[in-house]
Amino acid sequence: LTLTRSGGDEDLRRALRVSEDRLAAFFEYSLVDICLKDAEGRYLRVSRRFEELYGVTNAEVQGRLPMDIGVGDDWARRVREIDLEVLRSGQVRIYEEEIPFVTGVHECITVKFPLVGHDGMVQGVGTICTDITAHKKAERALLRSEREVARTRAQIGRAHVGPRPGH
């Protein structure tokens, strides 16, 4: 939120609306799963992609915990453990994980970061999950192909192709 001139309450309200509109557009049009949670782990806001992947709406998840939206207790506990780590440390955490979405399990790169208030205190956790399932499938296919090429080369090297010189 940036104010360019001092014009009273109306300018503050206008600047706040502009800032809120920008944030809403970010959550609406981003192609990744994004959520903001308070320090207790309750959802504050989620992106449209989050809604699609979990089969919920922003209104349905606000104020609720991950275990309340049907993601499974084990996964919800793991999420909470990492959220608590970010809350305690105040540090960004980046890792790969498998997430059970309504469309199936997806492989993701997850970035968790502290939400720091104006007082400098960590007040919650933000999460951005980028689906890398297609990339990981392609990576595994490439590795299988490379192993097959290596196996074929080894077989060719051992194969007896015609008479050897001097025999």
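This is a quick tour of one cavity, one surface patch and one buried residue in a predicted model.

Some housekeeping: residues are numbered from 1 along each chain as its sequence is written, and side-chain values use heavy atoms, with hydrogens and water left out. Since we have a prediction here, local features need pLDDT of at least 70 and side-chain atom pairs count only at pLDDT 80 or more, while totals for chains, interfaces and linings use all residues.

Okay, the cavity. The structure holds 1 cavity of 30 Å³ or more, and its volume is about 100 Å³. By cavity I mean a set of points on a 1 Å grid over the protein atoms alone where a 1.4 Å probe fits but cannot get out; lining residues have an atom within 4 Å of a point. The volume is the space filled by probe spheres set on the points, which are joined across faces, edges and corners.

So who lines this cavity? There are 14 residues, and Tyr-54, Trp-75, Lys-112, Thr-127 and Cys-129 lie nearest the centre. Among the elements giving two or more residues are α2 (48-54) and α4 (73-89), but β1 gives the most, with 3 residues. Helices (H or I, at least four residues) and strands (E, at least two) are DSSP runs, numbered from the N terminus.

Staying with helix α4, that's where you'll find Val-79. Is Val-79 buried or exposed? Val-79 counts as buried because its relative accessibility is 6%, and buried means under 20% relative accessible area with a 1.4 Å probe, protein chains only. Its C-alpha atom is 28 Å from that of Arg-22, 57 residues away along the chain.

Last stop: Val-92, in the loop between α4 and β3.

Methods: 1 Å grid on protein atoms, 1.4 Å probe; cavity = no way out; pocket = protein on both sides within 12 Å on 5 of 7 lines; lining within 4 Å. Buried < 20%, exposed > 50% of the residue type's maximum accessible area, 1.4 Å probe, protein only.
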